[in-house]
Structures are given as C-alpha cells and as structure tokens.
Amino acid sequence: MSIEMVPFHEGEKLLDWVALTRAFEAGHKLPKAEIGDTFLYRGKDTLLSRAAWIDGMGIAVKSATIFPNNPQANKPVVGGGVNLYSDADGSLEAIVDFHLVTKWKTAGDSLLGALKLARKDSRKILIIGAGTVGRSLRQAYGAGFPDAEFTVWNRTQANAEAMAADYPGMKVATSLEASVKEADIITSATMVTEPNLMGAWLQAGQHIDLIGAYRPDMREADDEALTRSRLFVDSYNTTVGHIGEIEIPLQSGVIQRDDLIADYYTPEKMQRKSDSEITLFKNGGGAHLDLMTSRYILEAWRTR
C-alpha cells in the first residue's frame, strides 16, 4: 500500500482559493459529517484533536497543538498532523501537511462566508491581526475580492507594518475604531479573550468575519456587535456549546439560539437580505472542513 505525502510548498502551488470554496459547497451537499472533537488544556496551551467522517468522502483525523507563548522562543504557535483515510475501506490514503490544511481551511472558510454574506460591491477590507492567519486572509480575500483595498491593524504596529510591506498597496491602521468604521468587510484573527471589536463602531452594510476565538473563554466581538448583526456560523455543531464567541452570549441571554440564522448545511438561508444590514459570521473551522480541504488538496495533488 502506497501512502501519498503532500508537503506544504509543493501542494500549495496547485491550489486556488475560489476553487476551494466551491469544494466546500459541494462537500456540504453530501450527508452531514459525523464529527468528534477533544480539547485538552494546560493554562493557555491547547491540544485539539478533531475527526470527521463524511459518507462518500472519507475520514480525516487532525491533531493540533496551540501554544500561544511559542513566538517568544521563535517557535510556531501551532503544530500537528493530518491523516486522510479512504471512505471505501478505511485505509490510510495520505498524510497532508498540517499547516497546508490549516491555512487553506481557515481562510477558505472565511472567504466562503464573505462571498455569501458580504455586499457584492465590498471594496474596503480590514484585517485585524497581522499573524500567520492574517496573511492567509489577505491572500484568500484578495482572490475572492480582486478589486478590494486592504488595511491591517495589529496591537503591535511594527508587525502590521511588516505585513503591509509584503503586500504592495496595503495600508496600516493606527486606530482600530476608525478603520472599522471605514471598512466594508472586517475580518478578525486575534488571540484575545476580551473583545476588542465593539458593536458601537459598526456601520450599516458591513460584514464581520470572526476567526480567532476557538476556546470557551475567548471572544473577539462584544455583545453589541452580536445584537446589531444577523448571525451566521459555519457549523452549529462546532460553534454552539464550544466557542466563547457564541456560547458566552447564549448563556448570558444576550442572544438566543434562534438568532443563529444558518450554517453551511442550510445554504438557502445563508444570504444577506439587504445592503444595509450587518452580517456577522463565526468561523469555527470544524473537522469536517479539514476533511473537505484535505480531499481537495489530495485531488489537486493527484492531477498535477
């Protein structure tokens, strides 16, 4: 039995952001994924193991370690691995580079949300966070909104300036509030536990894309941001009951379960109703999306 190995740089050359969003849409037309998540914590450190099985697509098992203090030792925050198994006989088909799957799954998930929910004439995109995910978002949104102007805000401005230097024409925001008010799309990928995106700043017609919060104690947007918006998630099963961005306001009664209008399994509801409403999308990045991404990557690899 031959197990295919898909490395990061060789694999990435074969991929396309918009094609990935189409693969996500196709994947959500198959039977709903069975998923199993396990979270283990040590202080700020996290071990996240995610498994998904989609009938007709196969099985993926992904384990991730998230150590937020690693950059102090010049080490990456995230590590891990992804195994892709055959749907037909359960055999191990491929080992796909963890960082390749994570990068494309995470930013591709947000891009699909924006393509469905943002105004079609959105031209000003604000990226909050100048880390690895922020750079991936610049690439993904640049493919989905090729005429857009990009601005980046980061708590440490030097990091925002370094990111902007890699993308000609990108602006650096000095005021988060002012840059939020000017944007058509705000996409946030930070590691905060207390919200830094305030609902009072939001403007009619904006689309908010929240990525960073992945633990029960983490939030990027305050209560007012949620109550002013129509709310969407990528998957009910991997956000409700798991992620503080959704669960904390649910538990406090700020929002109700029915306020979460749709996920990708209800595509007919996953749409904007008017150009004036504010849409808010929570990217939960479940294992079923890792599976869809891994399968898309493997198919691209096999047809290279």
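This report looks at two residues and one pocket in a predicted model.

**Two residues in loops**

F145 sits in the loop that joins α4 (132–144) to β8 (149–153). Its relative accessibility is 8%, so F145 counts as buried, the cut-off being under 20%. Apart from neighbours within four places in sequence, F145 is in contact with L111, A114, L115, A118, R119, S122, I125 and I185.

R228 also belongs to a loop, the one between α7 (223–227) and β12 (230–233). With a relative accessible area of 35%, R228 is partly exposed. When neighbours within four places in sequence are set aside, the contacts of R228 are G199, A200, L202 and I278.

The table gives two residue pairs, with the distance in space taken from C-alpha to C-alpha.

| Pair | Separation in sequence | Distance in space |
|---|---|---|
| F145 and D121 | 24 residues | 9.1 Å |
| R228 and Y41 | 187 residues | 33 Å |

**The second largest pocket**

The second largest pocket holds about 260 Å³ of space. Its lining is made up of 16 residues, and K124, T151, K171, S179 and E182 are the ones nearest its centre. Two or more lining residues come from each of β7 (124–128), β8, β9 (171–172) and α6 (176–182).

Which classes of residue make up the lining of this pocket? There are 7 nonpolar, 5 polar and 4 charged residues in the lining of the second largest pocket.

Definitions and conventions
Residues numbered from 1 in each chain as written. Predicted model: local features only at pLDDT ≥ 70, side-chain atom pairs only at ≥ 80, totals over all residues. Heavy atoms only, no water. Helix = DSSP H or I, 4+ residues; strand = E, 2+ residues; numbered from the N terminus. Buried < 20%, exposed > 50% of the residue type's maximum accessible area, 1.4 Å probe, protein only. Contact = heavy atoms within 4.5 Å. 1 Å grid on protein atoms, 1.4 Å probe; cavity = no way out; pocket = protein on both sides within 12 Å on 5 of 7 lines; lining within 4 Å. Points joined across faces, edges and corners; volume = space filled by probe spheres on them. Nonpolar A, V, L, I, M, F, W, Y, C, P; charged D, E, K, R; others polar.
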